[in-house]
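Hello,

Here is the structure I said I would pass on. My notes on it follow below.

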Amino acid sequence: MLSLTTFLVAIVASLASQVAGETHTVTFDNRCGRGTPTLRAQNGAILSTGGAYTIRGPLIGAIAYLQTGGCGNNGEGCTLIETTLRNPPSPGAGSSTDISLIPPHTFSVTSGFGYYNGCDRTGADCTNPNCPTAFHKPDDTHVQVACQTNDVNLVITFCA
C-alpha cells in the first residue's frame, strides 16, 4: 500500500509535469511593409518586437499592436490585440483573444488573429474603425474568441 507521502509526491509530480509541458507561441505576420509588431506582458515588459515568442506555461493578459510611431506603451492610439493563452484548468477557462478599439485605443491598421495547433481557422479580423469583431465599449464581450485546446498558439496579422 502506498504511503500518504508517496501518494502526495506522485500527485505533485504529475501536476508539475502538466504545467511544465504547457507551451504557447505567438507569431506575427506583418504585411504592412512598415511598423514594428510589439508583444507586451501584463506587467508591461516587451516580450517580442516581431519575432516568434514561446512561453512554457500560460501567457496571461498580454497585448499586441503594430508600433508605427503613434502608439503609446500600452497600444494607446492603435488597434490592440489582447490575449490569454492557457491550457484550460476547467471547462470554459482556457485561451481567449480579442481586438480592442476601446478608447484610448483607435483603429490604426487592419489587424487580426487566428489560433493554430488547435482551434484552427478560429479568430477575428478588424478591417475598419467600425468593425463588429472588436470591443468598442467594455461590455462588448461577445467579440472574445475562446479556445479550449491545450498548447494552442496564436498568429497576429497586420495589413492582411
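F28 and F158 are both buried. Please keep in mind throughout that this is a predicted model. The two rings form a stacked pair, because the centres of F28 and F158 are 6.2 Å apart and the planes meet at 15°, which is under the 30 degrees that counts as stacked. F28 belongs to strand β1 (residues 23-30) and F158 to strand β12 (residues 153-158), so this contact ties together parts of the chain that are 130 residues apart in sequence.

The structure holds 2 aromatic pairs. Besides F28 and F158, F113 and Y115 make an aromatic pair, with 6.3 Å from centre to centre and 80° between the planes. That pair is edge-to-face, because the angle is over 60 degrees. F113 and Y115 are buried as well.

Next, the charged side chains. The count comes to 3 salt bridges.

- R31 and D29 meet through their side chains, N to O, at 2.8 Å. R31 is exposed, at a relative accessible area of 52%, while D29 is partly exposed, at 24%.
- K137 and D139 form a salt bridge with an N to O distance of 3.8 Å. K137 is partly exposed, with a relative accessible area of 44%, and D139 is exposed, at 55%.
- K137 also forms a salt bridge with D140, where the closest N and O atoms are 3.0 Å apart. D140 has a relative accessible area of 7%, so this residue is buried, the cut-off being under 20%.

Through the shared partners, K137, D139 and D140 are joined into one network of salt bridges. Within this network, D139 is exposed at 55% relative accessibility, whereas D140 is buried at 7%.

On strand pairing, which strands does β5 pair with in the antiparallel sense? One is strand β6 (residues 80-85), over 4 bridges. Strand β5 (residues 59-67) also runs antiparallel to strand β2 (residues 36-40), and 5 bridges join these two. One bridge on the β2 side puts P37 opposite L66 of β5. On the β6 side, L59 has L85 as its bridge partner.

When you look at these strands, remember that side chains in a regular strand alternate between the two faces of the sheet.

Regards

Conventions. Residues are numbered from 1 along each chain as its sequence is written. This is a predicted model: local features need pLDDT of at least 70, side-chain atom pairs count only at pLDDT 80 or more; totals for chains, interfaces and linings use all residues. Side-chain values use heavy atoms; hydrogens and water are left out. A salt bridge is a side-chain nitrogen of Lys or Arg within 4 Å of a carboxyl oxygen of Asp or Glu. Buried means under 20% relative accessible area, exposed over 50%, partly exposed in between (1.4 Å probe, protein chains only). Two strands pair if DSSP finds at least two bridges between them. Rings of Phe, Tyr and Trp (its six-membered ring) pair if their centres lie within 6.5 Å; planes under 30 degrees apart count as stacked, over 60 as edge-to-face and the rest as tilted.
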